[in-house]
Every structure is written in structure tokens, then in C-alpha cells.
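This briefing walks through selected features of the structure shown below, grouped by topic. Please read it with the sequence and coordinates at hand.

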Amino acid sequence: MKVEVEKDSLLNVEAESLVISIFENIEDSKHLIDEIDKKLDGTIKERIEIGDFKGKIGEISIIYTHNKIPTKRILLIGLGKKEELDYEKIRRINGIVIKKIRNSEVKKYKIWLMGSEKPDLKVEQIAQAIIEGAILGNYKFYRHKTEKLEEIKLIEEITVVYNDLIDEIKNGVRTGQIIAEATNFTKDLTNEPANIATPTYIAEQTKLMADELGIKCTIFGEKEIEEMKMGSFLSVAKGSNEPCKLVVLDYNPKQNLETIVLIGKGITFDTGGISIKPAMGMWEMKQDMAGAAAVIGTLKAIAQLKIPLHIVGITPLTENTPGGKDPNLPGDIVKSRKGKTIEILHTDAEGRLILIDALDYANEFKPKIVLDIATLTGACAVALGIYASGLFTTDDDLAEKLIKAGEETQERLWRLPLWEDHEKIMESKIADVRNINPSRKDGAGASNAAGFLKHFIGDYRWAHIDIAGTDLVSKGKDYTPLGASGVGVRLFVQFIKNWSKKSN
Ligand code: BES
Ligand code: ZN
Ligand code: ZN
């Protein structure tokens, strides 16, 4: 989408549609209303007085200007109560606005910067939130629809207009566009079904993106993965005829900067393997690579934002199917890259098997921090629903910083226990560890999975994020349309931005 910033006075703006935002308490937007009403014979006041527009959050009313000003129509949008307005509400309002406008024949609109009346909101971040909400809300996964493209209504251009602080607005708009487009890139990868988004396809798409942005991208195939001794990852991959890949993205290498490694689970389809899943709902398992997609999208944004840190993305990619040369059989024992042996009691607990070899490989980059993100356990989705991703770490300070980034982006995190008990319970009688705790009655499946991962971490600060409940939007709203949510991109970018400010 094309995004512009324009300096102008309210009544001089030339547009097909100009969006103007009004608070619920009319006094809070008096300056705007008075200015427009002078030219439009009190139209807005009239609407408010007869009760046709109340300024409630997300409420919309259209005014035709009959050539009294250069704008053809004004779209009034309610901001709700001034005390309650925040960046998340701005994102939501803009998701609503863009969907409303795109359902008419209009392909572009201008928007007067909203919410600057509120002193605790910064103009730069307001602009970022406007553009994030709009670009995320405008998203549709339509590439497999054979209907004509013109019938798929999408907004093609937005201009943010204001009479002041244009540099701040430009910065915010640019940040918002980068982050939202990276998130939509992640959604595209995640929404593609498994017959298209194979490990090879994801690796190729990632390489194209990385080459364009000058990120170093290495794609390892099965042979190299074998040489790297990733026996645990390979044990899953051997159950599929689709070749596995390990993609490593390296942004800002060799610059003596602090290193953060991001690891994403990339199961391009999870049938469960020999411990096969039930048929109903299994299609959702095309999204079992949402973690990998989030890591790839994060690197895209980080490179464009030119964050002064060394960021590495590692994504092990494979199907989990019960075919191939040699699928895992329940009870099999395999050796991980770290050297620890694993008793595989359940082939559907495969995410952890591919993550641990990446967690060990991360040591090569001597990272300060390693974060992994994965659609790891149904148990996490049961515990937290769609409202928060699970956070597991023994590092309180890291937890606090991640939770803060989650609040800021509203990709919320909720910390769940990770105690020694959860590590201990994953020890095996005949190998070093086992990939599930077979006693269902003990519960805490999400914490046990985290306990399993912890057996394999290196000398770095680490947190694990379980997005099994948050990777998919089943009821589209505001700026989160149906399908893949792209969760993780905004969260990671925010965390990394905050971190880079701290260490500078
Ligand atoms: N990919 C699934 C987890 C999942 C479930 C993600 C639902 C999204 C929605 C994972 O590989 C899995 O199958 N986990 C098992 C683990 C169990 C066998 C210990 C699960 O959660 O049932
Ligand atoms: Zn599984
Ligand atoms: Zn899985």
C-alpha cells in the first residue's frame, strides 16, 4: 500500500474522502467541529444534536460537503472517551475505518491525525498506530481466489494529513508501515496450505526477502543438517518425503553488537505422525509453522528499521507425517545435537524435537538472549485461550521486558510456571529425556514442554513463547482479519526496539 504524509490546514485538504475523528465528549473535539461547521453550516453540530452521531468508539457517519470545501466527503469516526484513548484503540479504530471505506468504490483516502489532543499520546506513535491498524485491517488472503482482482476490494493509498509536526508523523508512518507489512508477510506464509508452503517454498520466499534487504540467509538441506548432528530434528523430517530445510537469517553479523537469536517452529503440516491426530480440525495444522513465519517477518522488519543489534533467526522446517523413509515410531530413541538422547513416546510432540536442535545450534552465535516461538501445545491454548500467548522462562527480568512489549503491542503474554519439577518430569528411565510425560493426570502439558526445551538450552538468557492459541484468528475483528494472526512479529519488534534503546 502507498502511504503518504501531507502538511495542510483542515479546510484546504483535497480528497475524495477525509477521515476526521471526534471524541465522545464534544468539548474535547470542539476546535475541529467549529472549524468545519463554519463552512458546512453547522452540519456536524446538527448531527450530534439530533443524536445521529455520538462519537462512540468506532461509530461512523458520512457527510457530503457539496463542494463547500475541497474534500468531497468527510467520514466522521468516533474516538470514544478522551481519557480512554490509547494506541491500541487507535489501531482498532483504523482497522474499522479502512474496512468501511474499502466497501465503497473508493481506493484511497486521507485521514486527519487523530488523538493529538491527548497529552500522553505522542504524535509519532499515533501515526504509527494509525498506519498499523489500517494496513493490518486491510489484509486479505485472496491469492487462490479466481475471481477478478478488481472485485477484491482493497485500499491502495492512505495519506495522513496534519498541520504540524510533520517529521514526527513521517517517522511514525514509516515505522507503522514496515511493521504492519512484515506482519502481513508472516500471515501470507502462514495462511498458505501445506501443499504450497513446503519447507522448500518457505526457504525460497525467505531468501528472496533477505536478498532484497541485504540480510545474510543460509539454507541448509538434509545432508548438511545431518552433518550438523541434528538427530532430533531429522528424526521428524524422515517421516516425510518433502525435503526439510534449516533456514538461518543473520542480520548485522560481525559488528560486535549484542546478539539476540530468535527460533521459530516450522512444522509445515502436523498430522501427528504415527501417533496421528483426529481428522476433524486437522486442517488447522497447516499453521504449525506460524512460529517460523513470525521469526522471518520479524527479521524483515528489523532490517528495514535498521535496528543496531545483531539479530539471528533460526527456523527448522519440516512436515510431521507418518510416511517418508523412516518415520518416528513411539518408543524410538534419538540423539540430539547437544548429545542428549531422547525417548520419543509420542510422535505428535514433534515441535519440541525440532526446536531443541536449533536451541543448541544457537550457541554458535554466542547470543545474549534466545527467544523461541512455537505453536507448541494444545494445553497452552486451553489454559489461555485466544487472549494471550504463554510465556515460559526462569529469567524474571526477561519476562518483565517481554510482558511489557506484549502490553504495548497488545500481543499479550501470560507467564506460566516453569519449575525444576517440569524439567525433572521429562527425564526418561532408558534415555536422557522423554518427549512427553505419559501420565495425563499430571496435566501442565505446556509447562512440561517448556521443561523439556530447558534441557537443551545453552549459556544464554532464554524464554519460550507458546502461540498455539493465538496464531489463528477464528473471528475477525477490527484490525485482525480472519486467518493467520501474524502473532509474534509486533511483539518481537517492540521487544527488540526497547532492548536496543536500553543498550545504547
Ligand atoms: N502443533 C501441536 C500443538 C497445537 C495444538 C497447536 C492445537 C495449535 C493448536 C503440537 O505439535 C502437538 O500436537 N502437541 C501435542 C503434545 C502432546 C502429544 C503432549 C498436544 O498439544 O496435544
Ligand atoms: Zn504435534
Ligand atoms: Zn505441532
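**Aromatic contacts and metal sites**

Tyr361 has a relative accessible area of 10% and is therefore buried. The model is a predicted one, and the points below begin with the aromatic rings around this residue before turning to the zinc ions and to two further buried residues.

**Aromatic pairs**

- Five aromatic pairs are found in the structure; in one of them, the ring centres of Phe220 and Tyr361 lie 6.4 Å apart with an angle of 80° between the planes, so this pair is classed as edge-to-face.
- The pair joins distant parts of the chain, since Phe220 belongs to strand β7 (residues 216-220) and Tyr361 to helix α10, with their positions 141 residues apart in sequence.
- Phe220, like its partner, is buried, although its relative accessible area is 15%, and together with Tyr361 and Phe365 it makes up one aromatic cluster.
- Another pair, Phe452 with Phe456, is tilted, having a centre-to-centre distance of 5.3 Å and an angle of 50° between the planes.
- Both members of the tilted pair are buried, with a relative accessibility of 0% for Phe452 and 1% for Phe456.

**The zinc ion (ligand 3)**

- Which residues coordinate the zinc ion (ligand 3)? They are Lys265 through NZ, Asp270 through OD, Asp288 through OD and Glu350 through OE, at 2.0 to 2.4 Å.
- The site of this ion is octahedral, its six donor atoms giving angles of 77 to 172°, and along the chain the donors follow the spacing K-x4-D-x17-D-x61-E.
- Because Asp270 sits in strand β10 (residues 266-270) while Glu350 sits in the loop between β13 (341-344) and α10 (351-361), the two donors tie together parts of the chain that are 80 residues apart in sequence.
- Both of these donors are buried, Asp270 at 3% relative accessibility and Glu350 at 1%.

**The zinc ion (ligand 2)**

- The protein donors of the zinc ion (ligand 2) are Asp270 (OD), Asp348 (O and OD) and Glu350 (OE), at distances of 1.9 to 2.2 Å, and they follow the spacing D-x77-D-x1-E along the chain.
- Around this ion the six donor atoms subtend angles of 72 to 169°, and the arrangement is therefore irregular.
- Asp270 bridges the zinc ion (ligand 2) and the zinc ion (ligand 3), the two ions being 3.2 Å apart.
- Since Asp270 lies in strand β10 and Asp348 in the loop between β13 and α10, this pair of donors ties together parts that are 78 residues apart in sequence.

**Lys245**

- Lys245, which lies in strand β8 (residues 245-251), is buried yet forms no salt bridge, the nearest side chain of opposite charge being that of Glu224 at 7.3 Å.
- Apart from neighbours within four places in sequence, the residues in contact with Lys245 include Ile219, Phe220, Ile225, Phe233 and Leu317; Phe220 is also a member of the aromatic cluster described above.

**Ser500**

- Ser500 is located in helix α15 (residues 489-502) and is buried, with a relative accessible area of 7%.
- Residues up to four places away in sequence aside, Ser500 touches Ile307, Pro308 and Leu309.
- Between Ser500 and Met228 the separation is 272 residues in sequence and 31 Å in space, taken from C-alpha to C-alpha.

Key: Residues are numbered from 1 along each chain as its sequence is written. Chains are lettered from A and ligands numbered from 1 in the order in which they are written. This is a predicted model: local features need pLDDT of at least 70, side-chain atom pairs count only at pLDDT 80 or more; totals for chains, interfaces and linings use all residues. Side-chain values use heavy atoms; hydrogens and water are left out. Donors are N, O and S atoms within 2.8 Å of the metal (3.2 Å for Na, K and Ca); water is not among the atoms, so sites may look incomplete. Four donors count as tetrahedral if all angles lie between 85 and 135 degrees; four count as square planar and six as octahedral if opposite donors are over 155 degrees apart and all others between 65 and 115; anything else is irregular. Helices (H or I, at least four residues) and strands (E, at least two) are DSSP runs, numbered from the N terminus. Buried means under 20% relative accessible area, exposed over 50%, partly exposed in between (1.4 Å probe, protein chains only). Lys and Arg count as positive and Asp and Glu as negative; His and the chain ends are not counted. A salt bridge is a side-chain nitrogen of Lys or Arg within 4 Å of a carboxyl oxygen of Asp or Glu. Contact means heavy atoms within 4.5 Å. Rings of Phe, Tyr and Trp (its six-membered ring) pair if their centres lie within 6.5 Å; planes under 30 degrees apart count as stacked, over 60 as edge-to-face and the rest as tilted.
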